[in-house]
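This briefing covers one protein chain, from its overall build down to selected residues. Please have the sequence and the structure open while reading.

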Amino acid sequence: MKIGILTWHKECNHGAVLQAYASQEVLKKLGADPVMLDYIANGDNNMDNALKKRLKRVIKRLKPNALKVRMMLPKWNDVKVKKFADFRAEMCALGDMYSAEKGLDKVLIGSDMVFDFYEGYNPFMYGKNVNCDYIFAYAACFGYTTDELFETYEHKDEIIAYIKKMKALSYRDDNTGHLLRKYCGENNAVKTIDPVMLYGFKEERHLWSKHNNRTPYMVIYSYTYNMDAPNEIRTIKRFAKNKGLKIISVGYIHTWCDEIVNASPMEFIDLFENADYIVTDTFHGTVFSLTFSKQFAVVVRNNAFKVVDVLNSVGLKSKVEKSLEEQFKEGVDYRYVESNIESLRKESFEYLKNQVIENCC
């Protein structure tokens, strides 16, 4: 069975690319022949471009240390784009445009923020003009969409109409589930976990491992210009010094770290797998920490809707209420967490199995 995957696999973002790869590999395990469907994203009507928000970003990037980072970024990004392109070419089954790929039995839309229109309206992510009659969603997310935004959005009716045409729906976070029920009337949609957690990367963690003999280290996984507040840096450096850990920024530029690695998706897996500790403020940084059973600390920012959600789902609700220092003092009991993850994994796998195997065309 040929199944198209429609997700943000072309982004230079470790979480986006690796969740796409994970979806591909899970479908293979179910006996399917997956293919990544191509697309052209529309970011022209990004709602995050309001003047006040743009000014805040400009001010943030004009700080002395930020100017140094800006000088490094052009070359850094050139290298990063090539590494991601090489990974996709080698490890992903790349197909034609979603509207042109032939012979598709089914199309999976998801995971990640595929239903989000805050950062640009892309109707194909709801199934519009997708060259297949059987379309279903896996762990889809509406991202930063709120009730107020959905109610007043100019494309609201079109989004609802295409979602209602889907054969089955699953969502990744409670906000998305709420929006699906309230505005789309989809009361049978089920909650499923991110493909990263579903797949687990057990084989890749060994096949791609190269750093298991290196000096003990802590991973910092945070977007450039984030996690650069003086109080956060002091707290992290103090903890790392006490534990004898080298601080490595993975994937993004943080000049206060001991080492900065422009990591490919494979190198990302390697560095997370062999890390002694992880500090992150991203959703996928949190998901990989949990999936790899790592001791970690998380800073919750404007992505609270998804970071808090995944922590709650595995029984770590209290973690989001604690400071970095408090989290450093308190470890994660993975006997409890892994049991919760395994239950979620079984439920999610059952949903996907039902779509791929049992609901044959």
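The points below go from the whole chain to two helices and then to three residues.

The model is a predicted one. The protein chain contains 14 helices and 12 strands. Its radius of gyration is 20 Å, close to the 21 Å given by the globule rule for 361 residues, so the chain is as compact as a globular protein of that length.

**Whole chain**

- Taken along the principal axes, the box filled by the C-alpha atoms is roughly 60 × 45 × 40 Å.
- Buried residues make up 53% of the 361 residues in the protein chain.
- Of the contacts between residues at least 6 apart in sequence, 76% join residues at least 24 apart.
- The exposed area of the protein chain is about 16,300 Å², and 49% of that area is supplied by carbon and sulfur atoms.
- The chain has 51 positive and 48 negative charges, and the mean positions of these two sets are 5 Å apart.

**Helix H11**

- Helix H11 spans residues 283-291, and 9 of its 9 residues are buried, so the helix is largely enclosed by the rest of the structure.
- The buried residues of H11 include the aromatic pair Phe-283 and Phe-288, along with His-284, Val-287 and Leu-290.
- At the start of H11, the backbone nitrogen of Gly-285 has a side-chain oxygen of Thr-282 within 2.8 Å.
- Ser-293 follows H11 and has a positive phi, near 55 degrees.

**Helix H12 and Asp-309**

- Lys-306, Val-307, Asp-309, Val-310 and Leu-311 are buried in H12.
- The cover over these buried residues includes helix H6 (174-184), helix H7 (195-199) and H11, together with strands E7 (190-191) and E12 (296-298).
- Asp-309, placed in H12, has a relative accessible area of 9% and is therefore buried, the cut-off being under 20%.
- A polar atom of the Asp-309 side chain lies 2.9 Å from the backbone nitrogen of Asp-174.
- Beyond its neighbours within four places in sequence, Asp-309 is in contact with Arg-172, Asp-173, Asp-174, Lys-191 and Ala-304.
- Just after H12, Gly-315 has a positive phi of about 90 degrees.

**Thr-280 in strand E11**

- Thr-280 sits in strand E11, which runs over residues 277-280.
- The relative accessible area of Thr-280 is 0%, so this residue counts as buried.
- The Thr-280 side chain reaches the backbone oxygen of Tyr-221 at 2.7 Å.
- Tyr-221 is also one of the residues in contact with Thr-280 when neighbours within four places in sequence are left aside; the others are Met-227, Gly-285, Thr-286, Ala-297, Val-298 and Val-299.
- Two of these contact partners, Gly-285 and Thr-286, are among the buried residues of H11.

**Ser-323 in a loop**

- Ser-323 is found in the loop that lies between helix H12 (304-313) and helix H13 (324-329).
- With a relative accessible area of 35%, Ser-323 is partly exposed, whereas Asp-309 in H12 is buried.
- Between Ser-323 and Glu-232 there are 9.7 Å in space, C-alpha to C-alpha, although the two are 91 residues apart in sequence.

Note on methods: Residues are numbered from 1 along each chain as its sequence is written. This is a predicted model: local features need pLDDT of at least 70, side-chain atom pairs count only at pLDDT 80 or more; totals for chains, interfaces and linings use all residues. Side-chain values use heavy atoms; hydrogens and water are left out. Helices (H or I, at least four residues) and strands (E, at least two) are DSSP runs, numbered from the N terminus. The radius of gyration is taken over C-alpha atoms; the globule rule is 2.2 Å times the number of residues to the power 0.38. Buried means under 20% relative accessible area, exposed over 50%, partly exposed in between (1.4 Å probe, protein chains only). Contact means heavy atoms within 4.5 Å. Accessible areas come from the Shrake-Rupley method with a 1.4 Å probe; for residues, only the protein chains shown count as cover. Lys and Arg count as positive and Asp and Glu as negative; His and the chain ends are not counted. The place of a charge is taken as NZ of Lys, CZ of Arg, CG of Asp or CD of Glu. A polar contact is a pair of N or O atoms within 3.5 Å; within protein, one must be able to donate a hydrogen and the other to accept it, and residues adjacent in sequence count only if both atoms are side-chain atoms.
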